[in-house]
Structure formats: C-alpha cells, structure tokens
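Visitor: I am new to this structure and would like to learn how to read its features. May we look at it together?

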Amino acid sequence: MDDLLNRAPCNFLSFADDGRILLMNATLLDALGYELSELRGRRLELVLPIAARIFYQTHFFPLLKLHGKVEEVYFSLRAKDGAELPVLANASRYERG
C-alpha cells in the first residue's frame with residue numbers, strides 16, 4: 001500500500017464482494033487495535049457490530065453493487081477490545097478482471 005494512503009488521516013478499507021478484507025490502512029488499524037495480518041482475508045463482519053452487520057447485508061452492500069457507490073452512510077465498526085467506532089463511510093465499487 002502506498003505510504004501516503006497508509007498514513008492518511010482518514011480511514012481506508014478495501015474488501016472483496018464475498019466480504020473478505022483485502023486492505024486496511026494504518027490509521028484504521030490503529031483505531032481498531034488490530035494488525036493487518038489479523039484481518040486480511042477474514043470476513044468484514046468481524047469488525048461490524050450486529051446492527052452494522054444487518055445494515056451491511058440488507059442495505060449497504062446491495063446499494064454498492066447496484067449503484068457502484070454509496071455516499072455519506074453512518075454506521076459503527078467494532079474494535080478488537082469490543083468498543084464501537086462510529087464512521088461516516090463513502091464507498092466505490094471496482095471490478096477486477
């Protein structure tokens with residue numbers, strides 16, 4: 001990952017259509033208390049509280065697939081210690097291959 005993106009003051013997360021985490025920048029990893037090796041390849045639901053999981057499955061990801069982007073969506077992420085981190089998310093979908 002580009003060092004500029006890795007140390008940007010905003011959070012960055014990349015995940016596959018099946019929910020596997022691909023990349024997360026140091027800013028978000030620090031906020032959540034994880035190392036990338038603990039999350040890469042794991043399901044996104046690992047860092048989503050129950051309400052956020054339901055929202056992700058029923059609204060966020062379907063909208064992302066349908067429109068290719070989602071803007072200004074508020075939900076929470078769950079840190080390693082169980083604390084919730086509120087986030088305002090903007091997402092874009094890019095297909096590879």
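Guide: Let us begin with strand pairing in this predicted model. As a general idea, the side chains in a regular strand alternate between the two faces of the sheet. Here strand β1, residues 13–15, runs antiparallel to strand β2, residues 21–24, and three bridges join them.

Visitor: Which residue of β2 does L13 stand opposite?

Guide: The residue opposite L13 is M24 in β2. Between the two strands of this hairpin there are five residues, and G19 takes a positive phi near 90 degrees.

Visitor: How many bridges join β3 to β4?

Guide: Eight bridges join β3 to β4, and these strands run antiparallel. Within the pairing, L77 stands opposite L85 in β4. The hairpin of β3 and β4 has five residues between its strands, with G82 at a positive phi near 95 degrees.

Visitor: How should I read a positive phi in a residue other than glycine?

Guide: The general idea is that most residues other than glycine have a negative phi. In this structure E72 has a positive phi, near 55 degrees, and is not a glycine. E72 lies in strand β3.

Visitor: Is E72 buried or exposed?

Guide: E72 counts as exposed, because its relative accessibility is 55% and the cut-off for exposed is over 50%.

Visitor: Let us turn to charged side chains. How many salt bridges does the structure hold?

Guide: In general, side chains of opposite charge can pair when their charged atoms come close. The structure holds five salt bridges. One of them joins the side chains of D18 and R20, with 2.8 Å from N to O. Both partners are partly exposed: D18 has a relative accessible area of 36%, and R20 has one of 34%.

Visitor: Which residue forms a salt bridge with E38?

Guide: The partner of E38 is K80, and their closest N and O atoms are 2.6 Å apart. E38 lies in helix α3 (residues 36–39), whereas K80 lies in the loop between β3 (69–78) and β4 (84–92), so the pair ties together parts that are 42 residues apart in sequence. E38 is partly exposed at a relative accessible area of 26%, and K80 is also partly exposed, at 47%.

Visitor: Where does E71 find its salt-bridge partner, and how far apart are the closest N and O atoms?

Guide: E71 forms a salt bridge with K69, the closest N and O atoms being 3.4 Å apart. At 51% relative accessibility E71 counts as exposed, while K69, at 47%, counts as partly exposed.

Visitor: How does one describe a pair of aromatic rings, and how many aromatic pairs are there here?

Guide: A pair of aromatic rings is described by the distance of the centres and the angle of the planes. The count for this structure comes to six aromatic pairs. In one of them, the rings of F15 and Y56 have centres 6.0 Å apart and planes at 70 degrees, so this pair is edge-to-face. The pair links distant parts of the chain, since F15 is in strand β1 and Y56 is in helix α4 (residues 50–67), 41 residues apart.

Visitor: What other ring does Y56 pair with?

Guide: Y56 also forms an aromatic pair with F61; this one is tilted, at 5.9 Å centre to centre and 35 degrees between the planes. Y56 is buried, with a relative accessible area of 7%, and F61 counts as buried at 13% relative accessibility. Ring pairs link F15, F55, Y56, F60, F61 and F75 into a cluster.

Visitor: Finally, how is empty space read, and what is the volume of the largest pocket?

Guide: Rolling a probe the size of a water molecule over the atoms shows where empty space is left. In this structure the largest pocket contains about 940 Å³ of space. Its lining comprises 28 residues, of which L13, S14, F15, A91 and S92 lie nearest the centre of the pocket.

Visitor: Which element gives the most to that lining, and what kinds of residue make it up?

Guide: β4 gives the most to the lining of the largest pocket, with six residues. β1, α4, β3 and β4 each supply at least two residues. By kind, the lining divides into 20 nonpolar, four polar and four charged residues.

Definitions and conventions
Residues are numbered from 1 along each chain as its sequence is written. This is a predicted model: local features need pLDDT of at least 70, side-chain atom pairs count only at pLDDT 80 or more; totals for chains, interfaces and linings use all residues. Side-chain values use heavy atoms; hydrogens and water are left out. A salt bridge is a side-chain nitrogen of Lys or Arg within 4 Å of a carboxyl oxygen of Asp or Glu. Buried means under 20% relative accessible area, exposed over 50%, partly exposed in between (1.4 Å probe, protein chains only). Helices (H or I, at least four residues) and strands (E, at least two) are DSSP runs, numbered from the N terminus. Two strands pair if DSSP finds at least two bridges between them. Rings of Phe, Tyr and Trp (its six-membered ring) pair if their centres lie within 6.5 Å; planes under 30 degrees apart count as stacked, over 60 as edge-to-face and the rest as tilted. On a 1 Å grid over the protein atoms alone, a cavity is a set of points where a 1.4 Å probe fits but cannot get out, and a pocket is an open set with protein on both sides within 12 Å along at least five of seven lines; lining residues have an atom within 4 Å of a point. Grid points are joined across faces, edges and corners, and a volume is the space filled by probe spheres set on the points. Ala, Val, Leu, Ile, Met, Phe, Trp, Tyr, Cys and Pro count as nonpolar, Asp, Glu, Lys and Arg as charged, and the others, Gly among them, as polar.
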